[in-house]
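User: Please take a close look at a single part of this protein and describe how it sits within the rest of the model. A connected account would be preferred to a list.

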Amino acid sequence: MMGMVFTELLEMVESTFSFSTVDAVIARSGTRGTYTSVGNYDDAELFAIVGALSAETGVPVPDLLHTYGRHLFHRFYAMYPKFFDIHADAPTFLAGLETHVHTEVRKLYPVARPPMFTLEAAENGTYFLEYRSERGLWKFAHGLLEACCLHYGGAHRVADITDRSGGEGTWVRFEIVPA
Ligand code: HEM
């Protein structure tokens with residue numbers, strides 16, 4: 001996983017909890033603790049940090065991933081406003097998440113392996129967004145999606161989530177409906 005996912009996470013831990021929580025999490029997880037944003041690190045380190053953060057704070061891992069997704073959306077917007085500003089609403093942004101955003105990320109950073117997304121329009125303004133990744137970080141995706149809907153004025157919301165991978169969270173369908 002790319003270093004920015006680690007650096008932003010540790011910054012969120014510091015601002016939400018404290019610097020001593022960052023220290024405790026790094027010590028407990030046995031991870032290196034210093035990351036560069038364009039470096040590439042083992043996914044296991046990310047899971048170790050989130051697991052240690054959960055143990056330190058008592059907040060369950062899925063809730064932490066969800067919170068982190070919501071937090072990172074705002075960081076993404078601050079860093080790459082052009083990806084978002086060219087779209088008028090969440091569905092049009094999400095339609096280009098795979099073909100535009102993550103494809104651009106793959107070109108810029110060949111080591112990056114962002115997840116796969118497909119968007120399908122259904123009836124009555126409903127959309128189905130499918131997430132596929134062996135990492136199973138659908139809770140993280142959920143937080144990003146919720147923040148994305150709010151960013152575009154809250155005209156859409158995530159109504160339902162279906163795990164199509166038998167509980168592994170590696171293939172998950174989000175139903176996005178008019179709010
Ligand atoms: C609502 C918008 C977005 C969603 C739902 C989303 C979803 C995700 C998820 C769930 C991951 C974790 C990796 C995985 O599950 O396999 C990820 C990784 C990543 N995303 Fe996105 N993303 C969004 C927007 C963006 C934007 C705007 C950028 C930057 C321009 C971006 C760049 C990245 C990068 C660099 C990674 C790390 C990939 C790696 O290290 O291999 N994403 N994204």
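Analyst: The account begins with one residue, Leu94, which is placed in helix α6, residues 90-95. The model is a predicted one. Leu94 has 23 other C-beta atoms within 10 Å and is therefore buried, given that 20 or more such atoms make a residue buried. Leaving aside residues up to four places away in sequence, Leu94 touches Leu119 and Leu129. By contrast with these contacts, Pro110 stands 16 residues from Leu94 in sequence, and the C-alpha atoms of Leu94 and Pro110 are 22 Å apart in space.

The strands come next. Strand β1 comprises residues 116-121, and Ala121 is found in it. Ala121 has 11 C-beta neighbours inside 10 Å and so counts as exposed, since the limit for an exposed residue is 12 or fewer. From Ala121 to Tyr77 the separation is 44 residues in sequence and 25 Å in space, taken from C-alpha to C-alpha.

Asn124 lies in the loop between β1 and β2, the latter being residues 127-132. With 6 C-beta neighbours inside 10 Å, Asn124 is classed as exposed. Its backbone deserves attention: the phi of Asn124 is positive, at about 55°, although the residue is not a glycine. Most residues other than glycine have a negative phi.

The wider setting is given by the domain assignment, in which domain 1 covers 3-59 and domain 2 covers 83-178. The C-alpha centres of domain 1 and domain 2 are 24 Å apart.

The helices can now be considered, starting with α1. Helix α1 runs over residues 3-16, and its 14 residues should span 20 Å at 1.5 Å a residue; the end C-alpha atoms are 20 Å apart, in agreement with that expectation. Phe6, Leu9, Leu10 and Val13 are the buried residues of α1. Viewed down the axis of α1, these buried residues fall within an arc of 95°, so they line one face of the helix. The spacing has a general background: an α-helix has 3.6 residues a turn, so residues three or four places apart point the same way. The cover over the buried residues of α1 includes α2 (19-29), α3 (43-57) and α4 (61-79).

The pairing of α1 with α4 can be described further. Two packed helices are described by the angle between their axes and the distance between the axes. For α1 and α4, the axes come within 10 Å and cross at roughly 110°. The two helices are therefore roughly perpendicular to each other. On the α1 side the contact is made by Glu8, Leu9 and Met12, and on the α4 side by Tyr68, His71, Leu72 and Arg75. Leu9 is thus named both in this contact and among the buried residues of α1.

Helix α3 completes the description. Its 15 residues reach 21 Å from the first C-alpha to the last, close to the 21 Å expected at 1.5 Å a residue. Within α3, Leu46, Ile49, Val50, Ala52 and Leu53 are buried. These residues cover an arc of only 160° around the axis, which puts them on the same side of α3. They pack against α1, α2 and α4. After α3 comes Gly58, whose phi is positive, near 80°.

How values were computed: Residues numbered from 1 in each chain as written. Predicted model: local features only at pLDDT ≥ 70, side-chain atom pairs only at ≥ 80, totals over all residues. Domains from an automatic or database assignment. Helix = DSSP H or I, 4+ residues; strand = E, 2+ residues; numbered from the N terminus. Expected span 1.5 Å × (residues − 1). Arc of directions from axis to C-beta. Contact = placed C-beta atoms within 7 Å. Axes fitted to C-alpha atoms, helices over the stretch in contact; angles between N-to-C directions. Parallel < 35°, antiparallel > 145°, perpendicular 65-115°, else oblique.
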